[in-house]
Amino acid sequence: MFKKIENAASCEVRAVIKFLNTRNVRPCDIHRQLKEVYGDNVMEESSVRRWCRNFNLGRGNTHDDERSGRPSVITDQLLTSVDEFVRNDRRVTIDDICEHFPNVSRTIVHEIVKDHLHYSKICARWVPRMLTDEHKTKRMAAAFTFLELYSDEADTFLNRIVTGDETWVCYASPESKRQSMEWHHTHSLKKPKKFKTVLSTRKLMATIFWDRHGVLLIDFMARGDTINANAYCETLKKLRRAIQN
């Protein structure tokens with residue numbers, strides 16, 4: 001019993017056919033021996049006869065002949081041009097690329113962008129503020145300073161950190177029952193309705209400070225006032241008293 005060889009390459013099987021054909025083994029016997037070693041699905045007997053005939057006519061190559069198919073339109077120059085076009089405007093669409101390269105089909109453009117250049121559309125992410133390089137450098141320097149202080153003082157340093165921020169706060173202005181009174185006929189079926197709370201469009205500026213344990217100070221700015229050096233100094237004085245207490 002012969003040991004089976006699975007998934008043999010076509011050129012390997014043809015080399016065996018060439019060897020046995022050179023030893024004057026008949027095509028039917030070659031096919032039988034191939035099936036014993038490579039299995040029943042190795043090659044049809046008609047194909048074995050065809051390869052034996054080709055070898056007898058002087059063929060020596062066991063590999064497939066090169067096929068003269070349609071030449072690929074995707075060239076290195078085209079890849080470079082599309083890549084430069086995308087880099088100039090990252091929001092360009094496939095339709096825009098097709099308009100810029102009218103001689104290239106949409107299918108080829110999509111293949112170039114996805115499979116060859118490996119581009120994919122990514123949505124922009126919302127960020128609170130647009131930071132400049134200077135801002136990022138200062139934040140990184142502050143972060144390194146905090147890490148050094150935390151390395152030296154541990155939780156004692158964290159207890160001394162106070163964070164502040166400002167925000168607009170809308171407030172509700174409830175309407176009294178007298179203010180909600182309307183003129184209606186006595187036989188009118190439409191009755192006025194009054195909601196318990198109506199959110200007012202008016203708002204106040206609130207400055208909030210907190211540490212790792214909770215909120216230290218909430219300072220509301222009076223209507224009509226503006227933030228300036230004097231107002232901020234008064235807020236910091238209130239914060240100092242809140243920390244001391």
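Trainee: Let's start with Asp219: does that residue count as buried or exposed?
Mentor: Asp219 counts as buried, because its relative accessibility is 12%, and buried here stands for under 20% relative accessible area, with exposed set at over 50% and partly exposed in between, using a 1.4 Å probe and the protein chains only. Please keep in mind that this is a predicted model, in which local features need pLDDT of at least 70 and side-chain atom pairs count only at pLDDT 80 or more, while totals for chains, interfaces and linings use all residues. Residues are numbered from 1 along each chain as its sequence is written, and side-chain values use heavy atoms, with hydrogens and water left out.

Trainee: And which residue does Asp219 form a salt bridge with?
Mentor: The partner of Asp219 is Lys238, and the closest N and O atoms of the pair are 3.0 Å apart. Asp219 belongs to strand β3 and Lys238 to helix α9, residues 229-244, so the salt bridge ties together parts that lie 19 residues apart in sequence. Lys238 counts as partly exposed, because its relative accessibility is 33%. The term salt bridge means a side-chain nitrogen of Lys or Arg within 4 Å of a carboxyl oxygen of Asp or Glu.

Trainee: Why can side chains of opposite charge pair?
Mentor: They can pair when their charged atoms come close.

Trainee: How many salt bridges does the structure hold?
Mentor: There are 10 salt bridges in the structure, and another one to look at joins Asp95 and Arg106, with their closest N and O atoms 2.2 Å apart. Since Asp95 sits in helix α5 and Arg106 in helix α6, this pair ties together parts that are 11 residues apart in sequence.

Trainee: What separates the C-alpha atoms of those two, Asp95 and Arg106?
Mentor: The C-alpha atoms of Asp95 and Arg106 are separated by 7.8 Å. Asp95 is partly exposed, with a relative accessible area of 43%, and Arg106 is partly exposed as well, with a value of 47%.

Trainee: Okay, which residues are linked in a network of salt bridges?
Mentor: That network links Arg26, Asp29, Arg32 and Glu36. Within it, the side chains of Asp29 and Arg32 meet in a salt bridge at 4.0 Å, N to O.

Trainee: What separates Asp29 and Arg32 along helix α2?
Mentor: About one helical turn separates them, because Asp29 and Arg32 are 3 residues apart in helix α2. As for its surroundings, Arg32 is partly exposed, with a relative accessible area of 42%.

Trainee: Let me step back for a moment: how many helices and strands does the protein have?
Mentor: The protein has 9 helices and 3 strands, where helices (H or I, at least four residues) and strands (E, at least two) are DSSP runs numbered from the N terminus. Read from the N terminus on, the elements run α-α-α-α-α-α-α-α-β-β-β-α.

Trainee: And what share of the protein do buried residues make up?
Mentor: Buried residues make up 20% of the 245 residues in the protein.

Trainee: New topic: how much space lies in the largest pocket?
Mentor: The largest pocket holds about 390 Å³ of space. Its lining has 14 residues, and those closest to the pocket centre are Arg90, Val92, Ser120, Lys121 and Ile122. A pocket is an open set of points on a 1 Å grid over the protein atoms alone, where a 1.4 Å probe fits and protein lies on both sides within 12 Å along at least five of seven lines, and lining residues have an atom within 4 Å of a point. Points are joined across faces, edges and corners, and the volume is the space filled by probe spheres set on them.

Trainee: Which helices each supply at least two residues of that lining of the largest pocket?
Mentor: Helices α5 (94-100) and α6 (106-116) each do so. The lining of the largest pocket divides into 8 nonpolar, 2 polar and 4 charged residues, where nonpolar covers Ala, Val, Leu, Ile, Met, Phe, Trp, Tyr, Cys and Pro, charged covers Asp, Glu, Lys and Arg, and polar covers the others, Gly among them.

Trainee: And what volume does the second largest pocket have?
Mentor: The second largest pocket has a volume of about 230 Å³. Of the 15 residues lining this second pocket, Asn7, Ala8, Tyr38, Asn41 and Val42 are the closest to its centre. Two or more lining residues come from each of α1 (10-22) and α2 (27-38), and the largest share, 3 residues, comes from α1. By class, the lining of the second largest pocket has 8 nonpolar, 4 polar and 3 charged residues.
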